[in-house]
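Let's take a walk through this one together, stopping at a handful of places along the way. Keep the viewer open and follow along.

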Amino acid sequence: MERIRGATFRPTATWRTLAAPFHWMPRWLEVYGDPFLIRSFNGDVVVGVRPEYIKTIFKGLPANYSPFAAGAIQPLTGAASLLATKGARHTRDRKLLMPPFHGDRMRAYSEAMRASAQGVFDALCDSPRSSFARAAERISLAVILRAVFGVTGPEDERSFGQAILNFSNAFHPTFSFMEFLQRPWFPPWRKFSAMKQRYSDLMDHRIEHARQTPGTEDILRMLVEATDEDGVGMTSEEIKSQLITVLFAGYETTAITMSWMTDEIWRRPEVLENLRSEVDALSDGAPASAYTKLPYLDAVIKETLRLHPVVTEVLRKLNEPLQLGEHLLPEGKAVSASILLAHLDPERFPEPLEFRPERFLERKYGPFAYLPFGGGHRRCIGAAFSTFEMQISMGLLVRDYDVTLHDRAPARPTRRNLAMAPASPIPVTLRRR
Ligand code: HEM
């Protein structure tokens, strides 16, 4: 068996992977080959890129894996979070959490999604210059508040939304990736803990309210009522933990993708034209869900997620040895299916740095070559929900508004919490068409 080569000096490897993965990961792949090794503060990670390796990682038995850096995640989300649990407990909780994010359930949120997006876009029209990134966050937040927490009144939306924003903005990637910084002497951690407490108090109140007020249609209500095959439901502490997880995993990721998408579309007149010919064909009274059936719009979303994956790596820690091609990886190491590198593979995506939505109309990509939502037993549970939200919000934007981008150059990626986001706030002027 060949030795796996890689970036081995812990501080720089950790820092480079965190700060500039789009620069360093392709470089390491070129220098060290596939798979390669990263020695990080949270342990050794073997990064696999080709579809055979990614298939091996995703097809591994759930019992053979633990979440990577679970100790770093738990103080943020709570021990019951889907991101922190493993084995039978993780399987059970996924079953309880999945139904609200699928099928007809999701369709019930479509008009609320359109109303949220329209409200935010209309407010933007009053301003000669505003940040599209902040607008996308407001849409995503309003959608989560409505769909997940059942929040609809403006007063409630403001106070609850502000608590969520404070909590989310107080998060800092340093203490997530470097567990030893989760201490009261570290000011960002202290601030984050205070914001988390406020958010937690608000959620306690909401959960109590949901337990006592049957009949609402939101996801929180479904979680309060969900039970497994043995009739066992989730405790308030567990629900709170999952709600923090959903917020962390769902709100910024969707907003960031809409920002990338806007920056790409309005730099490419031919893409905008193709999109417009699709959305303009919808009748005025078409339901919001009509936007979810448009192939070119869907291809633009897919291409955005390919070129700008919000989460760049899917990590798992090995409880058992894993045979990755000709390499036998010992228990205790971690593996990563590299979303970023798989999406830049020139064999599957010719001219990989080009933004070309047509590639998704010309052929289908398997789940081991195209994986913006991860895969296997931990695949993103919000994939359908966020796609739905993006189709409706971005379809509406293209159909009813003109956007002028103020940045001369396309946005560049920067680390934002656990995600990679545009470094620019995407300054725009919006006008009704
Ligand atoms: C563009 C939007 C999104 C992207 C790109 C994205 C991406 C991802 C990725 C890559 C993972 C890791 C999967 C793995 O380990 O195999 C993940 C996990 C997860 N996502 Fe998303 N996500 C998005 C939106 C959402 C939304 C809207 C929600 C919920 C409302 C959500 C909830 C979750 C949860 C709960 C997990 C953990 C699943 C588990 O560990 O079992 N995500 N997401």
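Start at Glu351, which sits in the loop between helix H16 (339–342) and H17. This is a predicted model, and Glu351 is a nice spot to look at its backbone: the phi there is positive, about 50°, although the residue is not a glycine. Most residues other than glycine have a negative phi, and most peptide bonds are trans. The relative accessible area of Glu351 is 57%, so it counts as exposed.

Now hop over to Ile426, in the loop between strand S12 (419–422) and strand S13 (427–432). Here too phi is positive in a residue that is not a glycine, this time at about 55°. Is Ile426 buried or exposed? With a relative accessible area of 1%, Ile426 is buried. So we have a positive phi at an exposed residue, Glu351, and another at a buried one, Ile426.

There is one more backbone detail to pick up on the way to the sheet. The peptide bond running from Asp34 to Pro35 is cis, and its omega is near 5°. Pro35 belongs to the loop that links H2 and S2, which drops us right at the sheet.

That sheet is open and has 6 strands, in the order S1-S2-S3-S9-S6-S4, with mixed pairing. Strand S1 (6–7) and strand S4 (65–67) are at the edges; each has a single partner strand, so one side of each has no neighbour in the sheet. As a reminder, strands of a sheet pair through backbone hydrogen bonds, either parallel or antiparallel.

Go across the order from the S1 end. S1 and S2 run parallel, joined by 2 bridges, and Ala7 has Ile38 in S2 as its bridge partner. Next, S2 pairs with S3 in the antiparallel sense over 5 bridges. These two strands make a hairpin with 2 residues between them, and Phe36 finds its bridge partner in Val47 of S3. S2 is also mostly covered, with 4 of its 5 residues buried.

One step further along, the sense of pairing is parallel again: strand S3 (residues 43–48) and strand S9 (residues 334–338) are joined over 4 bridges. Within that pair, look for Val45, which stands opposite Ala334 in S9. Helix H2 (residues 21–32) packs on the sheet and touches S1, strand S2 (36–40), S3, strand S6 (313–318) and S9. The direction of H2 makes about 130° with that of S2.

Leave the sheet and find Thr77, which is in helix H4. Thr77 has 3% relative accessibility and so counts as buried. What is Thr77 in contact with, leaving aside its neighbours within four places in sequence? The list is Lys196, Ser241, Ile244, Thr245 and Phe248. Take Ser241: it is 164 residues from Thr77 along the chain, yet their C-alpha atoms are separated by 5.5 Å.

Just past helix H4 (70–77), in the loop that leads to helix H5 (87–97), is Ala80. Its relative accessibility is 10%, and because buried means under 20%, Ala80 makes the cut. Leaving aside neighbours within four places in sequence, Ala80 is in contact with Thr85, Arg89, Asp93, Glu238, Ser241 and Gln242. Ser241 therefore turns up in the contacts of both buried residues, Thr77 and Ala80. Asn319 makes a contrast: it lies 239 residues from Ala80 along the chain, and 20 Å separates their C-alpha atoms.

The next stop is the iron atom of the ligand. Which protein donor does the iron have? Cys380 is the only one, through its SG at 2.3 Å. Cys380 is in the loop between helix H17 (359–362) and helix H18 (383–400).

Last comes the largest pocket, which holds about 630 Å³ of space. It is lined by 30 residues, and those closest to its centre are Asp298, Lys302, Tyr370, Phe373 and Arg379. Helix H15 (295–307), H17 and H18 are the elements that give two or more residues to the lining. H15 gives the most, with 6 residues.

Note on methods
Residues are numbered from 1 along each chain as its sequence is written. This is a predicted model: local features need pLDDT of at least 70, side-chain atom pairs count only at pLDDT 80 or more; totals for chains, interfaces and linings use all residues. Side-chain values use heavy atoms; hydrogens and water are left out. Buried means under 20% relative accessible area, exposed over 50%, partly exposed in between (1.4 Å probe, protein chains only). Contact means heavy atoms within 4.5 Å. Two strands pair if DSSP finds at least two bridges between them. Axes are lines fitted to C-alpha atoms, for helices over the stretch in contact, and angles run from 0 to 180 degrees between N-to-C directions. Donors are N, O and S atoms within 2.8 Å of the metal (3.2 Å for Na, K and Ca); water is not among the atoms, so sites may look incomplete. On a 1 Å grid over the protein atoms alone, a cavity is a set of points where a 1.4 Å probe fits but cannot get out, and a pocket is an open set with protein on both sides within 12 Å along at least five of seven lines; lining residues have an atom within 4 Å of a point. Grid points are joined across faces, edges and corners, and a volume is the space filled by probe spheres set on the points.
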